[in-house]
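Me: I would like to go through this protein model with a few short questions. Please reason each answer out before giving the result.

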Amino acid sequence: MASGMSRNDEQNISVKPQFGTRFLTDSQNVFQHNAWDNVVWDSEQEDEARKKTEEQADNMAPEDDVVLYEEKAGQFWDEFYNVHTNRFFKDRHWLFTEFPELYTKKCEPESQPSVNDKDQTETPCLSEPENCETDNSSDNPCGHLMSECHSGKDNSVCERDLENSGVNDMTEKVGHVHINEGISHFPGENAKFRILEVGCGVGNTVYPVLQTNNDPDLMVYCCDFSPTAIQLVKEHLDYDPAHCHAFVCDITADRLEMPFPENSLDVVIMIFVLSAINPQKMQAAVDYLAKSLKPGGLILFRDYGRYDLAQLRFKKGRCLSRNFYVRGDGTRVYFFTQDELKSMFEKAGLVEVQNLIDRRLQVNRGKQLKMYRVWIQCKYKKPEQHEPSS
């Protein structure tokens with residue numbers, strides 16, 4: 001979850017065009033800018049990355065550790081937010097640049113690019129904090145999104161974004177992948193546009209969405225693994241239960257409770273969240289979220305790609321299973337391929353709108369360092385009733 005961009009630049013990203021247009025045509029000019037888009041890897045670089053991950057997989061963490069990090073996953077995230085509170089991540093004002101679907105119709109700007117108008121080869125605007133590349137320890141595989149990594153004295157945490165779903169006493173407990181049915185009254189029942197963010201953390205997506213739209217017909221649900229994170233969301237000065245409903249939940253749990261019925265959401269946001277859960281539980285989580293969408297609703301997704309710098313920095317004993325690792329603070333991360341995500345979302349009955357890979361070369365000009373980042377951005381839609389699914 002990254003930085004060649006200053007903090008002020010990030011705050012203004014929502015009014016700037018999408019990245020994807022700065023290409024490195026002469027390697028001698030690599031340090032002229034902080035980042036280069038759509039960087040092509042040669043076969044030698046790809047082979048080197050593959051060998052590195054194979055070495056990691058040959059030196060797995062002990063099975064007892066694998067079980068420990070699974071059983072105490074929620075505890076590790078809660079400890080993370082107890083330590084960092086609301087100081088670690090920055091508000092994601094870039095979201096509307098990459099995901100204009102987050103504008104409600106009342107607030108949609110005339111200049112907003114539509115999905116169909118976008119050049120599908122453009123890359124998402126992502127970047128990483130300058131301090132991250134200085135720590136090459138296995139406990140700090142710095143990979144973070146959009147200068148969100150606020151590093152202090154503890155450099156063991158330089159990338160994250162997790163936390164999952166919720167609880168509400170108006171819902172009925174049902175089996176996993178089973179949305180609550182038969183709810184006649186629920187928070188936001190009169191809203192005309194409903195968004196759920198899975199893994200909301202302390203609200204760095206929620207509040208930009210609410211503040212940018214300022215729409216009385218909008219309801220934003222947000223859920224997280226960590227009770228501490230949800231408490232911080234509720235303590236925000238702008239928290240208004242009439243337009244925001246924050247709740248605690250583990251989206252991978254066998255039994256789930258949600259404060260809304262099936263087929264009720266317009267958008268589900270998953271930003272660096274799916275990568276934080278056990279790969280064996282990912283499909284069930286995606287299935288569950290797909291059922292919560294209205295026909296025509298969207299999942300907006302961004303996460304780590306295979307062979308990202310953060311993956312290649314992990315050392316022996318940090319690999320829990322292939323492409324799945326544990327950080328020094330006990331939180332976990334997976335690195336995806338486009339094909340894996342396509343398969344997962346389509347198995348859930350969704351239709352691909354976008355599935356992009358962003359191979360970005362970030363540089364630290366002062367230290368003459370090169371950092372190869374890989375992210376994936378997706379949009380998948382629940383078919384209208386007359387549309388076939390994939």
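Me: In which sense do E9 and strand E10 pair?
Reply: This is a predicted model. Strand E10 covers residues 324-326, and Ser321 stands opposite Phe324 in E10. Two bridges join E9 and E10, and the sense of the pairing is antiparallel.

Me: Which strands are the edge strands of the open sheet that holds E9, E10 and E11?
Reply: The order in this sheet of three strands is E9-E10-E11, with antiparallel pairing. An edge strand here pairs on one side only. That applies to E9 (319-321) and E11 (332-334).

Me: By how many degrees are neighbouring strands of this sheet turned against each other on average?
Reply: The sheet in question is the open one with the order E9-E10-E11. With direction ignored, the average turn between its neighbouring strands is 30 degrees.

Me: How many helices and strands does the whole protein have?
Reply: The chain has 390 residues, of which 57% count as buried. About 16400 Å² is exposed, and carbon and sulfur atoms supply 46% of that area. The secondary structure comes to ten helices and 13 strands.

Me: Which strand does E7 pair with over six bridges?
Reply: E7 is joined to strand E3 (residues 193-198) by three bridges, and the two run parallel. In that pairing Glu197 stands opposite Ile269 in E7. The bridge partner of Ile271 is Arg302, in E8. The six bridges, also in the parallel sense, are those between E7 and E8.

Me: How many residues of E7 are buried?
Reply: The cut-off for buried is under 20% relative accessible area. Asp266, in strand E7 (residues 265-271), has 16% and therefore falls under that cut-off. For the strand as a whole, the buried count is seven of seven.

Me: Is Lys294, the salt-bridge partner of Asp266, buried or partly exposed?
Reply: The side chains of Asp266 and Lys294 meet in a salt bridge at 3.2 Å, N to O. The pair links distant parts of the chain, with Asp266 in E7 and Lys294 in strand E8 (residues 293-304), 28 residues apart. Because its relative accessibility is 22%, Lys294 counts as partly exposed.

Me: Which residue is linked with Glu70 and Arg332 in a network of salt bridges?
Reply: Glu70 and Arg332 meet through their side chains at 2.6 Å, N to O. Glu70 lies in helix H3 (residues 63-71) and Arg332 in strand E11, 262 residues apart, and so the pair links distant parts of the chain. Glu70 is partly exposed at 22%, whereas Arg332 is buried at 5%. The other residue in the network is Lys281.

Me: What separates Lys342 and Glu346 along helix H10?
Reply: Lys342 forms a salt bridge with Glu346, with the closest N and O atoms 3.0 Å apart. Lys342 is partly exposed, at 33% relative accessible area. Because the two residues are four apart in helix H10 (residues 338-347), the separation is about one helical turn.

Me: Which helix gives the largest share of the largest nonpolar core?
Reply: This core has 45 residues, and those touching the most other members include Leu196, Val268 and Phe336. Its largest share is six residues, and they come from helix H8 (residues 279-292).

Me: How many residues are in the other core that lies apart from it?
Reply: Phe336 belongs to the largest core, and its contacts beyond four places in sequence include Leu274, Phe301 and Ile376. The other core lies apart and has among its members Cys200, Leu210, Cys244 and Phe272. Its size is 35 residues.

Me: What is the phi of Asn263, about?
Reply: Most residues other than glycine have a negative phi. Asn214, in the loop between helix H6 (206-213) and strand E4 (218-224), has a positive phi near 45 degrees and is exposed at 66%. Asn263 lies in the loop between strand E6 (255-256) and E7 and is partly exposed at 35%. The phi of Asn263 is also positive, about 60 degrees.

Notes. Residues numbered from 1 in each chain as written. Predicted model: local features only at pLDDT ≥ 70, side-chain atom pairs only at ≥ 80, totals over all residues. Heavy atoms only, no water. Buried < 20%, exposed > 50% of the residue type's maximum accessible area, 1.4 Å probe, protein only. Areas by Shrake-Rupley, 256 points an atom, 1.4 Å probe, with all protein chains shown as cover. Pairing = 2+ DSSP bridges. Axes fitted to C-alpha atoms, helices over the stretch in contact; angles between N-to-C directions. Salt bridge = Lys/Arg side-chain N within 4 Å of Asp/Glu carboxyl O. Core = buried A, V, L, I, M, F, W, Y, C linked by side-chain atoms within 4.5 Å. Contact = heavy atoms within 4.5 Å.
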